[in-house]
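Good morning, colleagues. Please bring up the sequence and the model, and I shall take you through the fold, one helix, three residues and a pocket.

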Amino acid sequence: TQKIVPMLVELIKDDHHEVKMGVLTGLKSVAVLVGPELFSGTLLMSLANVMKEPQWRVRMAVITLAAHIAKEFGKEFYVKNLETIFMLFLVDTASAVREAGIEILQILAGEFKADWVVNGYLPKAMEVLNKEKIGYLQRIAVLNSLASLTGVLTKEQIGLHVAPLLMKYCKDPIPNVKFCVAKLLKKIMPKMDTQTVMSKVKPVLNEMAGDTDKD
């Protein structure tokens, strides 16, 4: 491991994105053979730096690798070593990276279960939403990610944690965000209990339907 890590770190710094892609792809296999000790502080720092790479396919490869390693080594390893890197997909400038991240997120949710979604992912997603300079496309990505996780949650958890977060953005100043919220609320309604839908969600949707903003 002591010899492998410095070599990988240097290769990841290569100016050609094809080389970086090759290293990131190869790391999936190497990680299984070597074990979690491969991902030392130096290598993790290099992966975080690669997320600044202009080529979006390289950034997507990092996100994919992080999720692969997380599945291999478990939730605790992910939270301690990979969470900060993986969560960058939400604020990525490329829609392809954001969309791929949401798909991968659902796989992680299937592995880590509802408790991780509620107590792990949701608080981190809220931190992203509360950033001062987050763009509306990134807000939409976070909101889409929340709705995508309802498959592993109970009706009560959806009504208590996901729906209120979505409804908070029904008055977003950007019409596209409001449209996204309306679409997502309609999508998750069948997964919620009838009382919550009738008393909380339907009134919000009715109010949004009467919005005079035609943009």
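Which elements does one meet in the protein, running from the N terminus on? The order is α-α-α-α-α-α-α-α-α-α. In counts, that is 10 helices and 0 strands. I should say at once that this is a predicted model.

Let me begin with the overall dimensions. Taken along the principal axes, the C-alpha atoms fill a box of roughly 65 × 35 × 25 Å. The protein has 215 residues, and 47% of them count as buried. The area it exposes is about 11,400 Å², of which carbon and sulfur atoms supply 56%. As for contacts between residues at least 6 apart in sequence, 65% of these join residues at least 24 apart.

I turn now to helix H7, which covers residues 136–148. Does its length agree or disagree with what 1.5 Å a residue would give? The 13 residues should span 18 Å, and the end C-alpha atoms are 18 Å apart, so the two values agree. H7 is mostly covered, with 10 of its 13 residues buried. Among the buried ones are Ile-140, Ala-141, Val-142, Leu-143 and Leu-146, and the set also includes Gln-138, Arg-139, Ser-145 and Ser-148. What do these buried residues pack against? Their partners are H6, helix H8 (155–168) and helix H9 (175–188).

Two residues of this helix deserve a separate word. Arg-139 has its place in H7. Its relative accessible area is 12%, and it is therefore classed as buried, the cut-off being under 20%. Leaving aside neighbours within four places in sequence, Arg-139 is in contact with Leu-129, Ile-134, Tyr-169, Asp-172, Ile-174 and Val-177. Ser-148 also lies in helix H7. With a relative accessibility of 17%, Ser-148 falls under the same 20% limit and so counts as buried. Not counting residues up to four places away in sequence, Ser-148 touches Ile-102, Leu-105 and Gln-106.

The third residue is in a loop. Gly-35 sits between helix H2 (17–34) and helix H3 (41–50). Is Gly-35 buried or exposed? Its relative accessible area is 10%, so Gly-35 is buried. Setting aside residues up to four places away in sequence, Gly-35 touches Val-30 and Phe-73. One further distance involves Ile-69: this residue is 34 residues from Gly-35 along the chain, and their C-alpha atoms are separated by 9.6 Å.

Finally, the pocket, which may interest those of you who work on docking. I refer to the second largest pocket, with a volume of about 200 Å³. Which elements give two or more residues to its lining? They are helix H5 (75–86) and helix H6 (95–129). H6 gives the most, with 3 residues. The full lining consists of Glu-83, Thr-84, Met-87, Leu-88, Val-91, Lys-124, Glu-127, Val-128 and Lys-131. By character, these residues divide into 4 nonpolar, 1 polar and 4 charged.

To draw the parts together: H6 supplies residues to the lining of this pocket, and H6 is also among the elements against which the buried residues of H7 pack. Thank you for your attention.

Note on methods:
Residues are numbered from 1 along each chain as its sequence is written. This is a predicted model: local features need pLDDT of at least 70, side-chain atom pairs count only at pLDDT 80 or more; totals for chains, interfaces and linings use all residues. Side-chain values use heavy atoms; hydrogens and water are left out. On a 1 Å grid over the protein atoms alone, a cavity is a set of points where a 1.4 Å probe fits but cannot get out, and a pocket is an open set with protein on both sides within 12 Å along at least five of seven lines; lining residues have an atom within 4 Å of a point. Grid points are joined across faces, edges and corners, and a volume is the space filled by probe spheres set on the points. Helices (H or I, at least four residues) and strands (E, at least two) are DSSP runs, numbered from the N terminus. Ala, Val, Leu, Ile, Met, Phe, Trp, Tyr, Cys and Pro count as nonpolar, Asp, Glu, Lys and Arg as charged, and the others, Gly among them, as polar. Buried means under 20% relative accessible area, exposed over 50%, partly exposed in between (1.4 Å probe, protein chains only). Contact means heavy atoms within 4.5 Å. Accessible areas come from the Shrake-Rupley method with a 1.4 Å probe; for residues, only the protein chains shown count as cover. The expected span of a helix is 1.5 Å times one less than its number of residues.
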